[in-house]
Structure formats: C-alpha cells, structure tokens
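Reader: I would like a close look at one part of this model, namely its second largest pocket, and then at what surrounds the subject. Please take your time over the answer.

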Amino acid sequence: MSFEFFIPCPRGLEAALAAELAEIASRHLNGAPFTAGEQVPGGVHFKGGWAAGMAANLHSRIASRVLLKIAHRPYRNEQDIYALALEQHWEQWFSANETLRVDVTAIKSPLRSLEFATLRVKDAICDRLRDKTGARPSIDTGSPDVRVFAFVTATDCTLYLDTSGEPLFKRGWRLDKGAAPLRENLAAGILRLTGWTPGTPLYDPMCGSGTFLAEAAQVAMNIAPGVDRRFGFEKFRQYDVSAWQALKVAAQDAKRAARAGRGDLLIFGSDISDNMLEKARANFERAGFPALPLKQLDARNMTPPVSEAGILVANPPYGERIEVRGRGPRGEIRNTGREEGGFRRAEADTGDIAEFFQSFGDALKKRFTGWHAFVLTSDRKLPGQLRLRESAKTPLYNGALECRLFRFDLIAGSVRQRPAADEPKA
Ligand SMILES: C[S@@+](CC[C@H](N)C(=O)[O-])C[C@H]1O[C@@H](n2cnc3c(N)ncnc32)[C@H](O)[C@@H]1O
C-alpha cells in the first residue's frame, strides 16, 4: 500500500531534507516503495509505504514531523471542513481511548477564525468516533496520543495524521539546554549545508549545550536520531509492525556497533561558559559519546584544534537571544550575575559586541587559514563586524527568527577582507 506523506522542516532546509530523504530511502528501505515529491516552502512531499514513513521518522535529522495525508478537498467555509473531517475513517487509525489534539495552519485562508476551524475539525473527528464506536475521545493539548493537522489554503483543505508524536527534533538525549539552544533539526540541516562529512575536523567555538557537535557525532557514528525515542504511529491501530521491528533492530544494532568501534571523531567544541560545557557533557553522556573534547575558552582566543583544516560552525549570541560574554578590554570577565536558564547573562553594550566580533574575525583570519567557517546569525551586518567578506549566505529560520548562514572561505593569501560596516569604503 502506498501513502502520501508531507514532512515539514525549518524553512530554508527543504532541499537539504529532500536530499536526506533520498539517502534514507537508498540506505534503509531495501527497495520498499519511495517516490520523492515536490519541495514547497516549509517541507517536502513524498509517496511511499509504511516502511518509508517509519524510516523517515527514525532516520531524518532535518524533518520536524512526518505527516500522513488523509484527505484533500476544496472548501468554502468551516462547514465544508467539518464535512471533510467527518467522512474520514478515523476509527481505522485510533480509538476513543486515545487522547486527541487538532492544529490548523492556514495560508491566505478566508476563514475568519482558525480557532473555530480547529474546533470544527475536532468536533467532526469526535462525532465520527462516537457514531462508529459509541465513545468520543478526550482532548489533550499537552501530550496527546494522536495529533491531527489541517492545512488550509485560499481554496483547499488537507487533513494529516501525525505519525511522529513529539516533534522529531526531540531526540530524547537533550535534557540540559542553555538560554538559546539551537533546535537539533536546524543544527543537522546546517551541518548538511556546510558539506561536512565524517573524518573532516569540525569545531564549534561557541558550542553551548553542544547541538552541532552531538548531531555530527551521531552522523559520524551512524546512530539514528530517533533510535532512543518513541513515535506517534506506535499508538495507531494499524501500521507495519514487522517492518518497524526490522528498522528499529537494525538501528539499535548499528548504535551498538558504533560504540564498540569508535575512533577519533575529530569533533571539537569550546565555550566561554563552564556551566554550558557541563550541560554539553551531560547531553553527550546521555547520547552515548561522552568523550568529545571540550574546552573552556573565549572564542577570541581560539586556535585550530588540529593541524588539518576543517569546518568551523557556530551560532554566536545575538541581540534577541543572549548577549556576548567575555573579558572586557582590561581582561575582566563581565557578568551581571543574573542567571537565565542556567546561563549567566553578560553586561554587554554595543561596544563590547562590536569588539567581540572584530576580534573573532581576526582570530579566523589569522589562525584558521584553509578552514571554511559557517556562522548562523540574525544579524545581517555580521560580515562587516567580522571584517570578512562572505562567499555565500543562506536564509534560514531559527523558529520565527529570520537568520542567515554566512560562509567564509579562509583560503591562504586570499581571505576576502571588507571594511567595517561603519567605515567608509576605500
Ligand atoms: C546562541 S548560544 C549557542 C547555542 C549552541 N549552539 C547550543 O546548541 O546550545 C551562544 C553561546 O556562545 C557562548 N559565548 C558567549 N560569549 C562567548 C565568548 N566570548 N567566547 C566563547 N563563547 C561565548 C555562550 O556561552 C553560549 O553558549
């Protein structure tokens, strides 16, 4: 049997997700049906059997969820949406014993109230189950057993059953996070955009709770992102249990083998905050690779962790989230003592931030010849602050925050310098 799936992902990562899905199909599906579909802003469509849907849940690092398409039809008003939802055979998928949550997303929809549309979809599903089974499911918006998503455009309504449950960026190993952690699926997508492959040195000089490093280590060790978690489809009345067992056992075997045969991963991190490094260590311990080398260090004083050039990746603190912390001009650690999510916020004025990025840029230019540096920031003026000219910039969204991933190629003798944003151009 073949189904249509839609996989949402952070905006900007659609092509990376499509490439990842093709890889998952060729590595894990043993010829089971999979047809790549259209990329649309915010996600990728594909067709496939249960095995493909389950493999995407287990192996995709970039997906936010895997949604199974249940119905699609033009609509004019909420009553049409109610009728569409009422016709669907929900009783084949789950019973009234499961708790339910409905979410509606709309683009250019003429509907006046999304809340009312959400209520109508929920009513239709509950009415359907009451008619067919004699009982209505309870609603649980916190941790429901089953989630239904409705996606409405100006003309059409599509109903999806979520096969993932908790969003897929929740891998199950990160309990300790800082004030501004990066979502795991955004970090994994960025790693793919950098072109990093296992064996190439990878360094994050502002690693915080270690998201880039953990994602990279799992890739290098062939550990599936979902191997330690459960999925929404496991509560469904129907899914391919034997295909799931096979996929899961293969992933568990691969994880055991990876731990036994681990070599030097060449994955390095540092951060100015010992508190954050503690969190990173606790995360790595839970994720199964406690020995990643971490150092407490101001990024302005960073040096390459190995002689071979590699990939540097970082998301530095930025205005909206947290502030730069470090030593002031006279070497004093600037700190207000205010704790936020375990992270001590810094006294940082604009001068500090400008000085920090200029020194960080100097460190890149002087000490990282041959490296490729990728910096994620919402600040479009970052290249000017670093006094480096970017060789590429990719728009990405960190939640609602519009960001850029800047690429700097630090090639010997040809580092492209640029004047500071506030200096006149020569
Ligand atoms: C946006 S967070 C990075 C989050 C990280 N990617 C994660 O997954 O948790 C920025 C990090 O920069 C660190 N930081 C701030 N000032 C620094 C400095 N001068 N040198 C090195 N790290 C610094 C903070 O401690 C924080 O962990």
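Which element gives the most to the lining of the second largest pocket, and with how many residues?

Author: Helix 1 gives the most to that lining, with five residues. The model is predicted, with local features needing pLDDT of at least 70 and side-chain atom pairs pLDDT 80 or more, while totals for chains, interfaces and linings use all residues. Residues are numbered from 1 along each chain, and side-chain values use heavy atoms, without hydrogens and water.

The second largest pocket (an open set of 1 Å grid points where a 1.4 Å probe fits, with protein on both sides within 12 Å along at least five of seven lines; lining residues have an atom within 4 Å of a point) has a volume of about 500 Å³. It is lined by 21 residues, and those closest to its centre are Glu23, Arg27, Arg61, Arg192 and Val219. At least two lining residues come from each of helix 1 (14-28), helix 5 and helix 6 (211-220), and by class the lining holds ten nonpolar, six polar and five charged residues. Domain 1 (3-162) and domain 2 (184-221 + 265-409) each contribute at least three residues to this lining.

The largest pocket holds about 930 Å³ of space, and among its 33 lining residues Phe6, Pro8, Cys9, Gly42 and Thr105 lie nearest the centre. Elements giving two or more residues to that lining include strand 1 (3-8), strand 2 (34-40) and helix 5 (184-194), and the lining divides into 17 nonpolar, ten polar and six charged residues. Because domain 1 and domain 2 both give residues to this lining, the largest pocket lies between them.

The packing of nonpolar residues completes the picture. The largest nonpolar core (buried residues, under 20% relative accessible area with a 1.4 Å probe, joined through side-chain atoms within 4.5 Å) has 97 residues, of which Phe94, Val121, Ile125, Leu159, Leu161 and Ile267 touch the most other members. Helix 2 (residues 50-59) supplies the largest share of this core, seven residues, and the core draws at least three residues from each of domain 1 and domain 2. Leaving aside neighbours within four places in sequence, Ile267 is in contact (heavy atoms within 4.5 Å) with Trp196, Leu202, Leu213, Ala216, Ala217, Ala220, Leu292 and Pro293. Another core, of 23 residues, lies apart from the largest one and has Met206, Leu266, Phe268 and Phe356 among its members.

Terms used: Grid points are joined across faces, edges and corners, and a volume is the space filled by probe spheres set on the points. Helices (H or I, at least four residues) and strands (E, at least two) are DSSP runs, numbered from the N terminus. Ala, Val, Leu, Ile, Met, Phe, Trp, Tyr, Cys and Pro count as nonpolar, Asp, Glu, Lys and Arg as charged, and the others, Gly among them, as polar. Domain bounds come from an automatic or database domain assignment. Buried means under 20% relative accessible area, exposed over 50%, partly exposed in between (1.4 Å probe, protein chains only).
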